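Trainee: I've just opened this one and could use a walk-through. Mind if I fire some questions at you?

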There are 14 protein chains.
Amino acid sequence: MDSNTVIAAVSIFTAGITIAIGSMGPALGEGRALAQALSAIAQQPDEASTITRTLFVGLAMVESTAIYCFVISMILIFANPFWNYFLQATPK
Amino acid sequence: MDSNTVIAAVSIFTAGITIAIGSMGPALGEGRALAQALSAIAQQPDEASTITRTLFVGLAMVESTAIYCFVISMILIFANPFWNYFLQATPK
Amino acid sequence: MDSNTVIAAVSIFTAGITIAIGSMGPALGEGRALAQALSAIAQQPDEASTITRTLFVGLAMVESTAIYCFVISMILIFANPFWNYFLQATPK
Amino acid sequence: MDSNTVIAAVSIFTAGITIAIGSMGPALGEGRALAQALSAIAQQPDEASTITRTLFVGLAMVESTAIYCFVISMILIFANPFWNYFLQATPK
Amino acid sequence: MDSNTVIAAVSIFTAGITIAIGSMGPALGEGRALAQALSAIAQQPDEASTITRTLFVGLAMVESTAIYCFVISMILIFANPFWNYFLQATPK
Amino acid sequence: MDSNTVIAAVSIFTAGITIAIGSMGPALGEGRALAQALSAIAQQPDEASTITRTLFVGLAMVESTAIYCFVISMILIFANPFWNYFLQATPK
Amino acid sequence: MDSNTVIAAVSIFTAGITIAIGSMGPALGEGRALAQALSAIAQQPDEASTITRTLFVGLAMVESTAIYCFVISMILIFANPFWNYFLQATPK
Amino acid sequence: MDSNTVIAAVSIFTAGITIAIGSMGPALGEGRALAQALSAIAQQPDEASTITRTLFVGLAMVESTAIYCFVISMILIFANPFWNYFLQATPK
Amino acid sequence: MDSNTVIAAVSIFTAGITIAIGSMGPALGEGRALAQALSAIAQQPDEASTITRTLFVGLAMVESTAIYCFVISMILIFANPFWNYFLQATPK
Amino acid sequence: MDSNTVIAAVSIFTAGITIAIGSMGPALGEGRALAQALSAIAQQPDEASTITRTLFVGLAMVESTAIYCFVISMILIFANPFWNYFLQATPK
Amino acid sequence: MDSNTVIAAVSIFTAGITIAIGSMGPALGEGRALAQALSAIAQQPDEASTITRTLFVGLAMVESTAIYCFVISMILIFANPFWNYFLQATPK
Amino acid sequence: MDSNTVIAAVSIFTAGITIAIGSMGPALGEGRALAQALSAIAQQPDEASTITRTLFVGLAMVESTAIYCFVISMILIFANPFWNYFLQATPK
Amino acid sequence: MDSNTVIAAVSIFTAGITIAIGSMGPALGEGRALAQALSAIAQQPDEASTITRTLFVGLAMVESTAIYCFVISMILIFANPFWNYFLQATPK
Amino acid sequence: MDSNTVIAAVSIFTAGITIAIGSMGPALGEGRALAQALSAIAQQPDEASTITRTLFVGLAMVESTAIYCFVISMILIFANPFWNYFLQATPK
């Protein structure tokens, strides 16, 4: 296999596995926080607005770790510097 | 095996495994949040509308991590830039 | 092994493993939500209709992640673009 | 090994492992829901009919993920498009 | 190794591992449901008949996922279409 | 290695591993149900006969998944159709 | 390696691993049931005879899955049909 | 490597791993039962003799699964029928 | 494969797997802290500001471990000293 | 590698791994029983002598499974029948 | 592959995996401590300052283990003594 | 590689891994017993001497399994009978 | 690969993996202790100074196991006796 | 690779992995004991001195298992008898 094939295959596999593994933690963490938020609203309805606001700011923070994975995954597919190097090195 | 075969095989395998692993976290997280929501409604029926609204906004956020995986998976099958490159490079 | 064989073998294996792994998360999540729903109905029978409605809307959302896997699995078997490419490339 | 052997071996292995792994999640999820249903009936006997009805509709939904795996498994054994292709390609 | 040997070896191994893995989930799920049923009977003896009836209908549903595995396992041993194909292809 | 050796080795290994893995789930499930049964008897001694009857019917159902594994295991050792085929094919 | 060596090595390894893995589930399940039995006796001393009787009948049922493994293990060592076949096939 | 070496190496490794894995389940199960027994004695000192008697009979039953592993392990080292066969087959 | 290809492939794979694994811990940890924060607000609404402030300072600290992984991941893609060395060493 | 080296290497590795894995279960089981014993003494100081006596008899039983592993481990190092056979077979 | 390539590849992979694995423990540990801190503040608002101070000193101590990993990771990328040795040994 | 190298390498690796794995169980078990002991002292200060005495006798028993591993580990490094054999067999 | 390359590669990989794995246990253990400390302060504010003092002495003891790993890791990078030996053995 | 390289590489890898794995158990066990100690002090401040004394004696016992690993690790690096043997055997 020539270099281009190796780089492309590794990039494809890594892009997929990165977002796949990287979405488990945030999804579980967000699900837990969301579950507790609903329980808290049921317990203290008068504080629903405070709880909801804190929830969504916090969820955004947890979501950020999934975003990191998505960003890396997208970079590997559409803006991969190693791939660009080998494309330029390939004689046309 | 020539380059096209390698890239196609890796793309197929990665597309499947990405959505397979990537759907576990969100499914478990959503199931947990949903379970707590039902418990909260039973505990505080008067707040059912607030709880339901918060639940679905939150579920959408958790679902987003599954969507990321689905998007990557679809890109790898139908809009794979590496595959397109090798298709153009193949003499016809 | 020629290209067609490799692509077919990878497609078959991935299609199976995708739906196999991808059905664990939703099944466990739905089972948990369903269990809590029954507990909630027993606790607050008067809200049974609200609980049931929320349950099935939520279950549909959890089921969606299993559907993603099923869709990818079916695409890999019956509408696989890589397989179609190699079929056309094979001299008849 | 020729192509037919490879495709047949992969199909057999995938068919078995798909239903094997794919039946764990639904079985555990259904067991949990069923356990809670019995507990709910014991707690609120008057609502037994509502609980039982919700239980079986929900179980059917959880079972659907096992059905997906069974369908894929059966397709791979009895209606495998890749296998059919190679059968036709084999000179008689 | 010729094709017949490969197909036979894969069929044997898959048949065993399918029922082995596939019996864990249902056994654990049924054990859990059964345990809760006994607890429910002890708590509400007057509802023993309702609980027992619901239990056995539910157990049958959980058992169905083990049956799927057993069916696939038996098909692979006694009615394996791939094996039949290679048997006919073998010159006598 | 000739075909007979491969088939025999795979059959032996699969027979052992099938019953080994396949006995874990039922043993754990039965242990759990049994434990709860004893707890239920201690809680409601008057219902001991109902509890014990339900217990043993349920245990038989859980045991059935272990029986499936034992049956497959025995078939692989003493009534293995693939082994019989190769025995007949071996010149004497 | 000749056939006899392969069959003997596989039989030895499988015999050991079968009983090793197969004794974990029953041991844990029996330990759990036994623990609950002692707790139940402490809670309801008057029912000690009923509890003990149910315990030992149940333990025997759980033990049966370990027995299955032990039987397969012993068959593989002392009454292995495949080994006997190869012994007879070996020229003396 | 000749046959004797292979059989000896496999026997040594299997003998060790069998008792190693096979002692985990019984040890954990016995520890759990023992812990509950002490708790039960503290709760109901008057029943100490009944509890202790049931405990030791039960422990013996759990221990039996460890004994199975020990027996297989000892047979593989000191009374291994396969080893004896190859010893007799070795020219002196 | 020449050196450039190896280094590029390893860098791509490591960059993806680093952020994928590295985002699980922080996401789960933040989800847990967030869940408890919402529960604490519901319990003590008057301290909402103190709780929220402590929460976000703490989340930033947990997030820092994810940032470490993201930084390493970005360095490996865009400022990789090893890659730069091999680029300079490659004759143009 | 000659036979002696293989047997020695396998014996060394198995001896170590046997006692390493085999000491986990007993250590955890004993720790659990010991913890409960202390809790029981604190709860019922008057029964300290009965509890302590039962504890040490029970611990000895749990320890026995570790002893099995230690015995096998020692046999493999100092009284290994396979090693002795090969020593005698080696020409001096 | 020459020495430089091997060392560079190993350094890149190790740097990534070190911080990836090494950030899981601290992130989970900090999340747990933070969650308890918020619960403690809600329970005892008057001690908020003492709790917060102890929390951040403790978090710094937990964070130190992540810092160790980050330091090793950075040393491997930017101040790797082995890499420097091989750079000097490479003829220019 | 000659025999001495193989035996030395295996001895080194086994010695390390034996004590590494073998120290996990005792450490966790001792930590659990110690934790409960402190809780028991806080609950029943008057029995501190009995609890402490039972604790340390019990800890010594748990520690014994770690000692077994340490002994095997030390034997493998400093009194390895296989190593001594090969040393004597090496011509000087 | 020559000896220097092997030693350097193994040293780099081991240094990273040692501190990565070695930081998980201490981080989790410290997080648990810290969480309990905050809970204890909230429960008994008057004993805050005693609790804090015990906490930090204890944390230092837990941290010591992480330090062991860090020390080994640093020795492998900067004071590796094996590396020094091979450096001296390399002809200049 | 010559003998010296093999021995050195194995020694380095084993030294690292020994202390890495070996520090997990003690760290978790100590963290648990420490957490309970702080809880015990908060519950019974008058017994703080007894609790603290028992804690540190116990921690030293748990720490001993980590010390075993550290000792083995150090022996493998600085006083490795196998390494010394090969050093003496190497012609200078």
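Trainee: How far apart are the nearest C-alpha atoms of chain B and chain K?

Mentor: Keep in mind that we're looking at a predicted model. Chain B and chain K do not touch. Between their nearest C-alpha atoms the gap is 17 Å.

Trainee: And what about chain G and chain I, how far apart are their nearest C-alpha atoms?

Mentor: That's another pair that does not touch. Their nearest C-alpha atoms are apart by 30 Å.

Trainee: Let's try chain D and chain C, then. How much area is buried between them?

Mentor: Here we do have contact: 45 residues of chain D meet 48 residues of chain C. Carbon and sulfur atoms give 81% of the buried area. The total comes to about 3,900 Å².

Trainee: Which three residues supply more than any other three of the area that chain D buries against chain C?

Mentor: Together this trio accounts for 18% of what chain D buries there. The names to look for are D:Met61, D:Tyr68 and D:Phe82.

Trainee: Which helix gives the largest share of the side of chain D that touches chain C?

Mentor: Helices H1 (3-22), H2 (24-43), H3 (48-78) and H4 (81-89) of chain D each put in at least two residues. The largest share is 17 residues, and it comes from H3(D).

Trainee: How many salt bridges does the rule find across the interface of chain D and chain C?

Mentor: Chain D's touching side divides into 27 nonpolar, 16 polar and 2 charged residues. The rule does find 6 residue pairs in polar contact across this interface. For salt bridges, though, the count is 0.

How values were computed:
Residues are numbered from 1 along each chain as its sequence is written. Chains are lettered from A and ligands numbered from 1 in the order in which they are written. This is a predicted model: local features need pLDDT of at least 70, side-chain atom pairs count only at pLDDT 80 or more; totals for chains, interfaces and linings use all residues. Side-chain values use heavy atoms; hydrogens and water are left out. Contact means heavy atoms within 4.5 Å. Buried area is the accessible area (1.4 Å probe) that two parts lose on being put together, summed over both. A salt bridge is a side-chain nitrogen of Lys or Arg within 4 Å of a carboxyl oxygen of Asp or Glu. A polar contact is a pair of N or O atoms within 3.5 Å; within protein, one must be able to donate a hydrogen and the other to accept it, and residues adjacent in sequence count only if both atoms are side-chain atoms. Helices (H or I, at least four residues) and strands (E, at least two) are DSSP runs, numbered from the N terminus. Ala, Val, Leu, Ile, Met, Phe, Trp, Tyr, Cys and Pro count as nonpolar, Asp, Glu, Lys and Arg as charged, and the others, Gly among them, as polar.
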